[in-house]
Amino acid sequence: MDNMGVFLQIIFWGLYAGCIYILLATGLNLIFGVMKTVNFAHGEFLMLGAYITATIFFLTGINPYLIILLSMLALIGIGAVVERFCFRPILGTGKLNEIFLSIGLIYIFQNGAAMIWTDEWQSVKSPYDGITIPVGSLFVPLDYILIMVFTAAILCGLYLFLNRTTIGMQMRATSQNRKGAMLVGINVERIDIISFGMGCSLAAAAGTLWIVSGQIFNPYMGSIPAIKAFAIIILGGLGSIPGAIIGGLLMGLAENGAAFLLGGIWKDAISFVILIIVLVVRPTGLFGEKGE
Amino acid sequence: MKYPVIFIAILLITAFFAGCTQQQATAAPGVIKIGVIASLTGPASNVGTNMWQSAQVAADKVNADGGVTLKDGSKAQLKLIVGDDESTQQGGQKAATKLITDDKVDILVGGYSSAVTSAYEQTIAEYKIPYIVTGASSPIITHRTDIDTSYIFHHCPTTDTYGQYTTMFIDQVVRPAVNKKLGASADRPFRLALLYQDTAFGKGIQTAVNDTIVKNNLKIILISQQSFRMGESDFRTQLTAIKATNPDAVYLGAFPNEGAPIITQARRDIGLNTIFLNAENNDNAQFYKDVGQYGEGAIIESRFSPYTAPAGAVADSQNMFKQSYFTRFGAYPDMMGASTYEGVFIAAKAIANAGTTDKATVRQALVDLKMPQIIEVMKDQTISFSPDFRESTFDLWMEQLSYNATLGETRPVIVWPDNLKTTDFTLPSWYMAGSSS
């Protein structure tokens, strides 16, 4: 493999990692945009999505790419319950309550998952495992192409939902001005529950695509990605969906570039170096607006 | 009126529970309390659970054989108390402190991950309690000079030892085989890449390989040395960088939950079809399952395996231990389980030799210990601790994996050294050497 081939391969791994980050951060941003709620337990929804997909796959052998829809639906339900019984009672009572609530949820979900599924590392074998498509000097595994296609499809679906449906427009209105939305008759509590559920379902999609790529998983898998998702939404701009997409891609590329050029231990650190630079130069993030 | 009543109630409840704690802290006559520090939760829980279960099998055996005879002729039974280090340094600190101060154990056994174990060595030094470390393999465990490690005894090979063994195996076995395949001259330098966890464990392997090459003037060049964060799951970028350097083999300083995905991603996603050499902690049933077909041809440095045993004296005792473990837990023990199993026997023997549970006397008994090997092959067939750093010395071996399509898992065979091997090392048909020059 020549230098250009290596460079392209690193870019490709960055794009793949970026896809996972985009889905996770977009979900987080959807929730923050509408509810202005800080949920540090968002990575646990990625973990639950991964386990639900894996469990259905182990029990039925159905193609995991098809299970992604079931997993997303399940997480909409779980997210709705969490919003209704955990976040809604403390909504508007202060960020500290939200932070401690979400930290509590992290422990509950992690230990609950460990009780149900044990905390052994597990893996799922994709039906397309081992199939690679040569593109120039690159080895391109089919699974990674599918992951990128699924990410793009989910984002297109989200775009259409937010722009072409009444509920989507109500979510945008609530995001822009919550009191104004209430004044024009939008049931913002209903919008909250839908937003939270959809945000969780995007995390479930990220979890599913994580495991079909052949990465191992256990109940603690969500912690680090959740921290990175927060860095991404601050980088892209709080509440900005395009910001989450661009931020996710940047993060994936930066991490893999740093691991190649500086060494693997810089993989996580580089995300926060970029975050600090962006906050110093542009405190609202790349796509954020003043006041958010 | 209401508040004084509540206050008194709280005092009474506190006093009741304080009494309970005191009662628990007092050792029952005829009982030796052994604290086992293991990672029951967190990323290393697979290995940690195996260590804890192996300790239970050992204690059952000691107790079934009558227990430990003390100086006054009385018999004492072993009672194990586990401390979960949660695979973290903070968790390790909590577990060690609780076992020593609350449970008042007589001796400690266990400890996995050098980073975790070294974090609570200060507590061991402070309370001066004998500790037989059976899982953390960095030499810093007993070599460090910033604290008093005189109560710590190391019953597992250090990264210095197995890094050296693996490098010598590469030089004596893999290098000639690759040269033969390439039709190259015998003095062609071997192109070795390292991919290691950025911790004391991984860096220990890196240092050992570098030192062994220099010290023995080996014809091995390190063409790439890549690191990764502990617990990482995506290694594709580092593997892409390694592949670009055309290695003849890749030595991994990784835990089982890292080693299996590294090999899978390397062969499946990167097309890096080479020999992967793994450290001994990967000799674990979960690893054989997770690595699957991609583990074909890989090497594990080892001293105990769930699926094979060396030719010679310890085969029967290893099989008995595996059978006892399987009967009780429905699975097979791994390497860290084996040394923890032995750790309990060593603790019992030291207390028997000391005739008391007095910490300083037991420590001296460990210093003076000479007992026959149990299930692992020891130098001179004897378990004893070196006078300088209190390390026991093992005879190690190298295993090569082959894929069993029926099981959907790999299985090992011992290929080195000559006195322990059951077959010869072979290069797989798909193997791609770095370059012929």
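Reader: How many residues does the contact take from chain B and from chain A?
Author: The model is a predicted one. In this model, the two chains contribute to a shared contact. The contact takes 30 residues from chain B and, from chain A, 28 residues.

Reader: Which helix gives the most to the side of chain B that touches chain A?
Author: Several elements of chain B each supply at least two residues to this side, including helix H2 (45-64), strand E8 (220-228) and helix H9 (236-243). Helix H10 (256-270) and helix H11 (285-291) of chain B belong to that group as well. With seven residues, the element that gives the most is H10(B).

Reader: How many nonpolar, polar and charged residues are on the side of chain B that touches chain A?
Author: This side consists of the 30 residues that chain B brings to the contact. Sorted by class, they are six nonpolar, 15 polar and nine charged residues.

Reader: At what angle do helix H1 and helix H10 of chain A pack?
Author: Helix H1 spans residues 3-35 and helix H10 spans residues 241-261 of chain A. The crossing of H1(A) and H10(A) is right-handed, and their contact has 15 nonpolar, nine polar and one charged residues. The axes lie 7 Å apart, and the angle is about 145°.

Reader: What separation do the centres of domain 1 and domain 2 of chain B have?
Author: Domain 1 of chain B covers 30-154 + 316-383, and domain 2 covers 160-303 + 396-416. Taken over C-alpha atoms, their centres are separated by 29 Å.

Reader: Which helix gives the most to the side of domain 1 of chain B that touches domain 2 of chain B?
Author: In this contact, 19 residues of domain 1 of chain B meet 17 residues of domain 2 of chain B. On the domain 1 side, H2, helix H4 (114-119) and helix H13 (335-354) of chain B each supply at least two residues. By class, that side has 11 nonpolar, six polar and two charged residues. The most, three residues, comes from H4(B).

Reader: Which helix supplies the largest share of the largest nonpolar core?
Author: The core holds 212 residues, and those touching the most other members are Leu24(A), Leu48(A), Ala206(A), Ile233(A), Val344(B), Ala347(B) and Ile351(B). Domain 1 and domain 2 of chain B each provide at least three residues of this core. The largest share, 18 residues, comes from H1(A).

Reader: Which residues does Ile351(B) touch, not counting residues up to four places away in sequence?
Author: Ile351(B) is among the core residues that touch the most other members. With sequence neighbours up to four places away left out, its contacts are Ile32(B), Val68(B), Ile107(B), Thr357(B) and Val362(B).

Reader: Which residue does a cis peptide bond join to Trp416(B)?
Author: The bond has an omega of about 0°. The partner lies in the segment after strand E15 (409-416) of chain B. That partner is Pro417(B).

Reader: Is Asn217(B) buried or exposed?
Author: Asn217(B) has a positive phi of about 50° although it is not a glycine, and its place is in the loop between helix H8 (200-215) and E8 of chain B. Because Asn217(B) has 7 other C-beta atoms within 10 Å, it is exposed.

Reader: Is Asp380(B) buried or exposed?
Author: Asp380(B), found in the loop between strand E12 (371-372) and strand E13 (382-383) of chain B, has a positive phi near 60°. A residue counts as exposed if 12 or fewer other C-beta atoms lie within 10 Å of its own. Since Asp380(B) has 10 such atoms, it is exposed.

Notes
Residues numbered from 1 in each chain as written. Chains lettered and ligands numbered in written order. Predicted model: local features only at pLDDT ≥ 70, side-chain atom pairs only at ≥ 80, totals over all residues. Axes fitted to C-alpha atoms, helices over the stretch in contact; angles between N-to-C directions. Helix = DSSP H or I, 4+ residues; strand = E, 2+ residues; numbered from the N terminus. Left-handed = near helix turned anticlockwise from the far one by under 90°. Nonpolar A, V, L, I, M, F, W, Y, C, P; charged D, E, K, R; others polar. Contact = placed C-beta atoms within 7 Å. Domains from an automatic or database assignment. Core = buried A, V, L, I, M, F, W, Y, C linked by C-beta atoms within 7 Å. Buried ≥ 20, exposed ≤ 12 C-beta atoms within 10 Å, placed from the backbone.
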